[in-house]
Amino acid sequence: MPVARRNRRQTNEVPDIAFGSNQTFEQWQGIEYVVRSLSGSGSAKTYRCPGCDQEIKPATPHVVVWPDGDDDATHRRHWHRVCWDKRDNRRSTQHRGGMPRY
Ligand SMILES: [Zn+2]
C-alpha cells in the first residue's frame with residue numbers, strides 16, 4: 001500500500017532558521033514570538049527600532065523578532081534588546097487603569 005500523504009510538514013519548514021542558535025520564544029499579546037539575538041557584527045544595515053523609534057546602527061547587538069511560524073521575512077522587526085524587554089512597560093503606562101485594547 002503506497003503512502004501518499006506525507007507532505008503535511010513541508011509548508012511549516014523555515015529553511016534559514018538553522019543558522020541562529022541564540023533563539024528564544026516569548027509570548028506577547030497572546031502571540032508566540034521568536035526572539036533571536038544578533039551580535040550585529042554581520043550586519044551592514046541600519047534598522048529602526050519600533051520600541052524607541054531610534055536607529056539601530058550596524059554592529060549594534062540587538063534582537064530580531066517575528067511571530068512563531070511566520071516565515072515571511074518582511075514581518076521581522078529589529079529591536080534594541082532593552083526596548084524589547086520593556087515593551088510591556090510602555091503599554092501599561094499608556095493604558096494604566098484601562099481595559100486592554102486590541
Ligand atoms: Zn530601541
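# Close-ups of a predicted model

**View 1. V64 meets H78 where β5 runs beside β6.** The bridge partner of V64 in β6 is H78. Strands here are DSSP runs of E, at least two residues long, helices are DSSP runs of H or I, at least four residues long, and both are numbered from the N terminus. The model is predicted, so to speak of a local feature takes a pLDDT of at least 70 and side-chain atom pairs count only at pLDDT 80 or more, while totals for chains, interfaces and linings use all residues. Residue numbers start from 1 along each chain, as its sequence is written. Strands β5 and β6 (residues 77–79) are antiparallel and joined by 3 bridges. Two strands count as paired if DSSP finds at least two bridges between them.

**View 2. The whole chain, for orientation.** There are 2 helices and 6 strands in the protein, and along the sequence they come in the pattern β-β-β-β-β-β-α-α. Of the 102 residues, 11% are buried. "Buried" means 20 or more other C-beta atoms within 10 Å of the residue's own, "exposed" means 12 or fewer, and "partly exposed" is in between, with C-beta atoms placed from the backbone. Among contacts with a separation of 6 or more, 43% link residues 24 or more positions apart. A contact is two residues whose C-beta atoms, placed from the backbone, lie within 7 Å.

**View 3. An open sheet of 4 strands.** The order is β1-β2-β5-β6, and the pairing is antiparallel. The edge places go to β1 and β6, each with a single partner strand, so one side of each has no neighbour in the sheet. On average, neighbouring strands of this sheet are turned by 35° against each other, direction ignored. Those angles are taken between axes, which are lines fitted to C-alpha atoms (for helices, over the stretch in contact); in general they run from 0 to 180 degrees between N-to-C directions. As a reminder, strands of a sheet pair through backbone hydrogen bonds, either parallel or antiparallel.

**View 4. The β1–β2 hairpin and its turn.** β1 and β2 form a hairpin with 2 residues between them, and 6 bridges join these antiparallel strands. Follow the rungs: F25 stands opposite V34 in β2, and E26 has Y33 in β2 as its bridge partner. β1 is hardly covered, with a count of 0 buried residues among its 6. In the loop between β1 (23–28) and β2 sits Q29. Its phi is near 55°, positive in a residue other than glycine. Most residues other than glycine have a negative phi. Q29 counts as exposed because it has 10 C-beta neighbours inside 10 Å.

**View 5. S37 and the join between β2 and β5.** Strand β2 (residues 31–38) and strand β5 (residues 62–67) run antiparallel, joined by 6 bridges. One of the rungs pairs L38 with H62 in β5. S37 is also found in β2. S37 counts as partly exposed because it has 15 C-beta neighbours inside 10 Å. S37 and V64 are 27 residues apart along the chain, yet their C-alpha atoms are separated by 6.6 Å. Beyond four places in sequence, S37 touches N22 and V63.

**View 6. A second positive phi, at D53.** Look in the loop between β3 (47–48) and β4 (55–56) for D53. D53 is not a glycine, but has a positive phi of about 60°. D53 is exposed because 8 other C-beta atoms lie within 10 Å.

**View 7. W79 and the largest nonpolar core.** The core has 7 residues: Y47, C49, I56, V63, V64, W79 and W84. A nonpolar core is a set of buried Ala, Val, Leu, Ile, Met, Phe, Trp, Tyr and Cys residues joined through C-beta atoms within 7 Å. In soluble globular proteins, nonpolar side chains tend to be buried together. W79 belongs to strand β6. W79 counts as buried because it has 22 C-beta neighbours inside 10 Å. W79 and V63 are 16 residues apart in sequence, with 5.4 Å from C-alpha to C-alpha. Neighbours within four places aside, the contacts of W79 are C49, P50, G51, H62, V63, V65 and W84. With the same kind of neighbours left out, C49 is in contact with Q54, I56, H78, W79, H80 and C83.
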